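Me: I've got a model open and I'd like to learn how to read its charges and surface. Can you walk me through it?

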Amino acid sequence: MAQSLELLLIQFLMPDNDARRQAEDQIKRLSKDPQVVPALVHHLRTAKTPNVRQLSAVLLRKKITGHWAKLTPQLRQLVKQSLIDSITLEHSPPVRRASANVVSIIAKYAVPTGEWPDLLPFLFQCSQSVQEDHREVALILFSSLTETIGNSFRPHFADLQSLLLKSLQDETSTRVRVAALKAVGSFLEFTHDEAEVIKFREFIPSILNVSRQCLASGDEDVAVIAFEIFDELIESPAPLLGESVRSIVQFSLEVCSSANLESSTRHQAVQIISWLAKYKFNSLKKHKLIIPILQVMCPLLAESTNRDEDDDLAPDRAAAEVIDTMALNLPKHVFPPVFEFASLSSKNVNPKFREASVTSLGIISEGCSDLMKSKLEPVLLIVLGALGDPEQMVRGAASFAMGQFAEYLQPEICDHYENVIPCLLSALEDTSDEVKEKSYYALAAFCENMGEEILPFLEPLMGKLLAALQSSPRNLQETCMSAIGSVASAAEKAFIPYAEKVLELMKHFMVLSNDEDLRSRARATELVGIVAMSVGRTGMEPILPPFIEAAINGYGLEFSELREYTHGFLSNVAEILDDGFTQYLPHVVPLAFSSCNLDDGSAVDVDDSDEDDNIHGFGGVSSDDEAHDEPRVRNISIRTGVLDEKAAATQALGLFALHTKSAYAPYLEESLKILIRHSTYFHEDVRLQAITSLKHILTAAQEVYQVNYLEGAAKAKEVLDSVMNIYIKTMTEDDDKEVVAQACMSVADIMKELPYITVEPYMPRIVDATLLLLREDAVCQQVESDSEIDDDDTAHDEVLMDAVSDLLPAFAKAMGSNFAPIFSTLFDPLMRFAKASRPSQDRTMVVACLAEVAQDMGAPISGYVDALMPLVLKELASSEATNRRNAAFCAGELCKNGGDSALKYYADVLRCLYPLFGESEPDDAVRDNAAGAVARMIMVRPDVVPLNQVLPVFLKVLPLKEDHEESMVVYSCVCNLVLTSNSQMLSLVPELVNLFAQVAVSPIETPEVKAQIGRGFSHLLSLYGNQMQALLENLSPTHANALAAIVPKS
């Protein structure tokens, strides 16, 4: 075989393709015989040309696995010795490397069984050799052996680390240093022990030296190994300490600033910064690296991208990701330098820098939202200025930034509508379609959060949007429809004059069936649902059937986005029609079931074909550096369209049940099964909708099962059991804060709606879950990113803690004073959020929660007055209106329910409330709550309140302007003083008559409040009779008639 094989190997290397193919077939046939192994070994050692020797080693690597077990011990020894000889005696580097690859394959089988005890000693000996070739090949082998027999190295780890460090510093050989760098990368991938990883920190200076040398000599592909090593170090549990972080960042910044390097190399450098920003952001802060990073990243946004190259590797794209991550994790430190960059660059003559200026502000608007809200005017000045820039790229970036602002800087951004909307209206007429598209997006995001402020702009907005809808290309029509939807939501009933025209145009879109038009059809379907919400049931019910029919027909077109929007449209229709939607249930519930039961849509392809047949020419002689022993995962894809569709269908089931109630009975059981399944779905968007919909299903179940009391009660209890068990499990075990927040809100709603006796069995577990969340120990509150969290950057989610804090008032409302023992266990964990070091929104959350607890728990709150009053008095002077408002409400409730414990604070409370009644208080809701607090104090202890000083100030701020939830308590207080003929109150009759008239004419106040006022006014008439005539004549006829109408008839 040896002789014929040698000829075939020579023939295989010929340029003649036919000869090569014939040789390949013959070699394949011979390779089935185990004797091919000694034959290949023979040629590896004796063939005259290096090419033949290298090809022998490549073939040996491919065939040895299948034949090793069939070889005699003598043959195995021959193979091992020949390979060692080849590594030490061979002159050709490619042959040595190919032989080393065979060694790593054999070692996988021979070392663990003790068949090759002298391999590791041989490698250590090689690594100390004076010959550069031997040192290099030993390191190459250490690299490849780590993948196959890494565990065998464990006893020698310390020696290996010393060897690697020494080799990285080899002064005589670049090849040895490069091989050492590769070996360090291999070892780090294999090493998971923290103590072992920490040792590698000592290597960082040497790694950086080798990488810099490689970059200088043009070996970028070797230099990037350093980034792979840093990646492993960053993601390891062992902390990267001190100077190592600084030197890694400096090196990475050098690389990503070097425009002469390959995009992929620079991208790897940016990626390291990105990972540090994500996982070790407090290290960046501690070592003052934030500004140096931003000084490189912000200018990278201005680097021109060659659109032919892979966009994901573009420096500006990668830099944007870093800035975004840093803004999310370190907002206070990121905003000032980025704002400074944006301010300076906005005036730069280079349009790429003007583009980067507004892009940077758009990028940080999510992470730095609070800081940007406080600096909105100068920020908007830059972006609105850029919307009028002569260069298209700058205008496009500015419209992108406006869209980001509209999404993340709410509600403050809407206060600037008078400046923003005219600029966006102008941008809608831009010559560039890209600018137009981004401007529609910005307009959609901006108008979505507006209310009646949009009305003055309604005519010009709808004029432009309707014109564009009829004359633009498809992609612009789609974003234009989004903008019209937002305008309709904001304008509500004022949109009705435009609804007919919009709906008429949508009929055309809702019958499109070509693949390229289905996205437009989806947007149109969504828009009809939004317009229907604005118009309302009366206007829509007669004209809806053809739209519903078109939506149901569209479902059959197998386009996930269209199906998603169809579920959204049908959900809106259910909300408008309420019980009138029942007739559609048989047609639409099966569609929602179908989407909910879709295959999850994750696909993994494994390539496990026989690689000898698969790779032309045995993988090519030159490609001999990797052994493909494992099947390869070719691609992993998740069809996100299916996720969105499932989420929309899950939401639809809940809304169908909520609005049709008992008529939903036939679908209840199947819906519940789906929602239970979706409550643990892998993606949080679907879980969120399932958690929301379970509450609606419970509402429907209560209606369905109350008909047949005995049998129904058991079934209703079964549904309640399922729902409550899911909610409690979600609160403690789900890893998404928004999903947990929704579970908390649903539990709070259930407690308010159902009799306490029904929810009592679940209380111990609900309280335990609440306690876990208040202590920030639930699964969703475990911070994975950076172990060095400090109090300065509070990591909890405002939405989550607001939801958790709503549970306590729900308990108090359900249990009354019986809540006291439970409250005592929750009080201290809750008060952690009221510390001075916490953000103001945390403190006001606590104060609002305590106010509501005091309101419903009653007298037991007296035991907490001393602990709470200092906080409340301090919050009354907060710079935030919400904090002052909640503090005023809380002060009143503590005085009302705190008994004697609160009495000593009356003077302090009145002193701190006084400024809220003056001209300096800009917020009407704060003033209304201050009036409510004073009213409660007077009603509980009028003898302790100096009425002669308080009442003139109190009456001056009435009637209430905004918070009409305070109406009953405020006007009851006024009328009680009148009805008891309080002398201080009766000295203010003219003010009282004027106040009573304004309340009587108000369209907002309830009949109960007006009846109360009527009794007070009637008492004044009985006391003063004809003297009242002059006061009444001063009133307008409208006011006088309204007062007369509320006087009790008897």
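Reply: We'll go through salt bridges, then surface patches, then a record annotation. This is a predicted model, where local features need pLDDT of at least 70, side-chain atom pairs count only at pLDDT 80 or more, and totals for chains, interfaces and linings use all residues. Residues are numbered from 1 along each chain as its sequence is written, and side-chain values use heavy atoms, leaving out hydrogens and water.

Me: How many salt bridges are there, and what counts as one?

Reply: Side chains of opposite charge can pair when their charged atoms come close. The rule here asks for a side-chain nitrogen of Lys or Arg within 4 Å of a carboxyl oxygen of Asp or Glu. By that rule you get 36 salt bridges.

Me: Which parts of the chain does the Arg687 and Asp735 pair link?

Reply: Those two side chains meet at 3.1 Å, N to O. Arg687 sits in helix H38 (residues 684-705) and Asp735 in the loop between helices H39 (709-733) and H40 (737-753), distant parts of the chain 48 residues apart. Helices here are DSSP runs of H or I, at least four residues, numbered from the N terminus.

Me: Is each partner buried or exposed?

Reply: Buried means under 20% relative accessible area, exposed over 50%, and partly exposed in between, with a 1.4 Å probe and protein chains only. Arg687 is buried because its value is 6%, while Asp735 is exposed because its value is 55%.

Me: What about Arg838 and Glu776?

Reply: Their closest N and O atoms are 3.3 Å apart. Arg838 lies in the loop between H44 (820-831) and H45 (840-857), and Glu776 in the loop between H42 (763-774) and H43, so the pair ties together parts 62 residues apart in sequence. Both belong to a salt-bridge network with Arg832 and Asp842.

Me: And which residues form the negative surface patch?

Reply: Patch residues have over 30% relative accessible area and no salt bridge; like charges are joined within 9 Å, nonpolar side chains (Val, Leu, Ile, Met, Phe, Trp, Tyr) within 5 Å. Asp and Glu count as negative. Members include Asp370, Asp749, Glu798 and Glu965. Helix H43 (residues 798-815) gives the largest share, 3 residues. One of its residues is Glu798, partly exposed because its relative accessibility is 38%.

Me: What does the record say about residues 420-455?

Reply: The unreviewed UniProt entry annotates them as "repeat: HEAT"; such annotations may be inferred rather than shown by experiment. In the model, that span is 64% helix and 0% strand, with its end C-alpha atoms 15 Å apart.

Notes. Areas by Shrake-Rupley, 256 points an atom, 1.4 Å probe, with all protein chains shown as cover. Charge placed at Lys NZ, Arg CZ, Asp CG, Glu CD. Helix = DSSP H or I, 4+ residues; strand = E, 2+ residues; numbered from the N terminus.
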